[in-house]
Amino acid sequence: MQNERFLRALRREPVDCTPVWIMRQAGRYLPEYRATRARAGSFVKLCKTPELACEVTLQPIARFPLDAAILFSDILTIPDAMGLSLSVDEGVGPRLAHPLRARADIDKLGVPDAETDLRYVMDAVRLIRRELNGRVPLIGFAGSPWTLACYMIEGEGSASFARPKALAWDDPATMHRLLDVVARAVAAYLAAQAAAGAQALMIFDTWGGLLAPEMFREFSLRYLAQIAQILKSNHVARDVPLILFSKGANSHLEALADTGCAALGLDWTIALGDARTRVGDRVALQGNLDPSVLHATPDAIRGEVGKALASFGAHPGHVFNLGHGITPEVNPEHLGVLIDAVHALSTRT
C-alpha cells in the first residue's frame with residue numbers, strides 16, 4: 001500500500017499528516033462524474049455497471065491527493081435486492097416501487113446473497129481494488145438498518161419518516177423483525193465487500209438522529225451493535241476497521257463507541273475536541289467540517305480546516321472529512337484547497 005495514512009489513523013497510530021477523504025467525493029460536483037452519469041443513462045445503471053462504478057470511484061482520486069477511495073454505490077442496493085425495486089429520479093431522489101405497507105410484506109423478506117443478488121457491487125469492489133493498484137485504501141459501505149427501514153416503509157425520502165416511527169410505536173415486534181433481517185443483510189453485505197477487497201467499512205445511519213433517545217437505543221443502536229459483532233466473528237471482516245456515522249446522534253457517542261467499531265463519523269454540530277474528550281482513545285474520529293464551508297473563500301476554508309485540526313489536537317486517530325456529503329454546487333477547486341490545507345496544516349515534523 002503506497003498510502004496507509006487512513007488505515008493507520010483508524011488504528012489510532014501515528015501518521016505523517018492527517019488523512020482526508022470526503023463523503024460523496026465521487027459525485028455531481030465533478031464535471032467528469034456528470035459526463036459518466038450521462039453516458040450511463042441513469043443513476044441505477046451507473047451503480048449496477050461495475051466498469052462505470054469503478055470509473056467514477058477513481059475520478060476524485062485522479063484529481064485530488066485524497067487518502068482513501070470509497071466505493072461508488074447507493075445505500076438502497078439492499079432493499080432493491082430484496083425486491084423493492086429502486087429508481088432514482090434526478091432532482092427528486094430515490095424511490096422504491098414496492099414499499100412495505102403491511103406485516104405480510106415484512107414477513108416475506110429474506111437476506112440477499114451478496115455474490116448473486118448483489119454481484120455487481122462485489123465485481124465493482126474487485127475491479128476498483130485492481131485499478132487502484134495500492135495507491136490508497138478502498139472503503140466499502142452500507143446503510144444502517146434503521147435508515148434502510150425508513151426508506152423501505154416510506155418508499156422515498158421524508159422530512160420526518162412518520163410511517164416507520166408509527167410502526168415502531170404501534171407494533172414494535174414487527175419493526176424489530178424488519179430491523180433484524182435488514183441487520184443480517186447489512187452484515188452479510190459488508191462482510192462480502194471485505195472479502196472482495198474493501199479495506200475499511202462504513203455504515204451510514206443517516207436518519208438515526210430523527211429518533212428520541214430511548215427509540216434510538218432500541219431501534220438504531222441495538223442493530224448497529226449487532227452488525228459490529230457479526231463482523232467481528234467473520235474470519236475476513238474482523239480485521240477490517242468499521243466506521244459508524246450516525247448523523248444527529250451526538251448524545252449517543254459513548255454508546256456508539258462501545259459497539260466494537262473502530263471509528264465514529266461526526267457531523268458538524270459537535271466540536272471534535274469535545275467528542276474526543278467523551279470517547280477518549282476507544283475509537284478514532286472522522287469529520288467534521290460543515291459542507292457549506294466549501295462555498296466560502298479559500299482563505300475561509302483554510303481557516304476552518306485549521307480550527308477543526310486544532311480542536312482535535314495533536315493526537316492519533318483523526319480522519320478529516322466533512323460532517324456530511326459534499327453538495328453538487330461546490331466548485332471542485334475549493335475541495336482541492338481543503339485537502340491541501342488538511343495535509344499542510346497537520347504535517348508532523
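Which backbone nitrogen lies 3.1 Å from a polar atom of the side chain of Asn-3? It is the backbone nitrogen of Arg-5. Keep in mind as you explore that this is a predicted model.

Let's stay with Asn-3 for a moment. You will find Asn-3 in the segment before helix H1, which spans residues 5–10. Is Asn-3 buried or exposed? Asn-3 counts as buried because its relative accessibility is 14%, and buried means under 20%. The side chain of Asn-3 also has a partner from another part of the sequence: a polar contact of 2.8 Å joins it to the side chain of Asp-67. Leaving aside residues up to four places away in sequence, Asn-3 touches Leu-66, Asp-67, Gly-134, Arg-135, Val-136 and Pro-137. Asp-67 therefore appears twice in this picture, once as a residue that Asn-3 touches and once as its partner in a polar contact, with the cut-off for touching being heavy atoms within 4.5 Å.

Now let's turn to charged side chains. Side chains of opposite charge can pair when their charged atoms come close. How many salt bridges does a search of the whole structure find? The search finds 21, and we can visit a few of them.

Start with Arg-8 and Glu-13, whose side chains meet in a salt bridge at 3.3 Å, N to O. Arg-8 is partly exposed, with a relative accessible area of 30%, and Glu-13 is partly exposed too, at 25% relative accessibility.

Next, look for Arg-177 and Asp-107, which form a salt bridge at 3.0 Å, N to O. Arg-177 belongs to helix H10 (residues 172–196) and Asp-107 to helix H6 (residues 103–107), so this pair ties together parts that are 70 residues apart in sequence. As for their surroundings, Arg-177 is partly exposed at 37% relative accessible area, and Asp-107 counts as partly exposed at 45%.

A further pair is Arg-282 and Asp-258, with a salt bridge of 2.5 Å, N to O. Here both partners sit in loops: Arg-282 between helix H13 (272–279) and strand S8 (284–289), and Asp-258 between helix H12 (253–257) and strand S7 (263–265), so the pair ties together parts that are 24 residues apart in sequence. Arg-282 is partly exposed, with a relative accessible area of 34%, whereas Asp-258 is exposed, with 54%.

Salt bridges can also share partners, as our last stop shows: Glu-115, Arg-119, Asp-123 and Arg-126 are joined in this way into one network.

Notes:
Residues numbered from 1 in each chain as written. Predicted model: local features only at pLDDT ≥ 70, side-chain atom pairs only at ≥ 80, totals over all residues. Heavy atoms only, no water. Helix = DSSP H or I, 4+ residues; strand = E, 2+ residues; numbered from the N terminus. Buried < 20%, exposed > 50% of the residue type's maximum accessible area, 1.4 Å probe, protein only. Polar contact = N/O pair within 3.5 Å; in protein donor to acceptor, adjacent residues only side chain to side chain. Salt bridge = Lys/Arg side-chain N within 4 Å of Asp/Glu carboxyl O.
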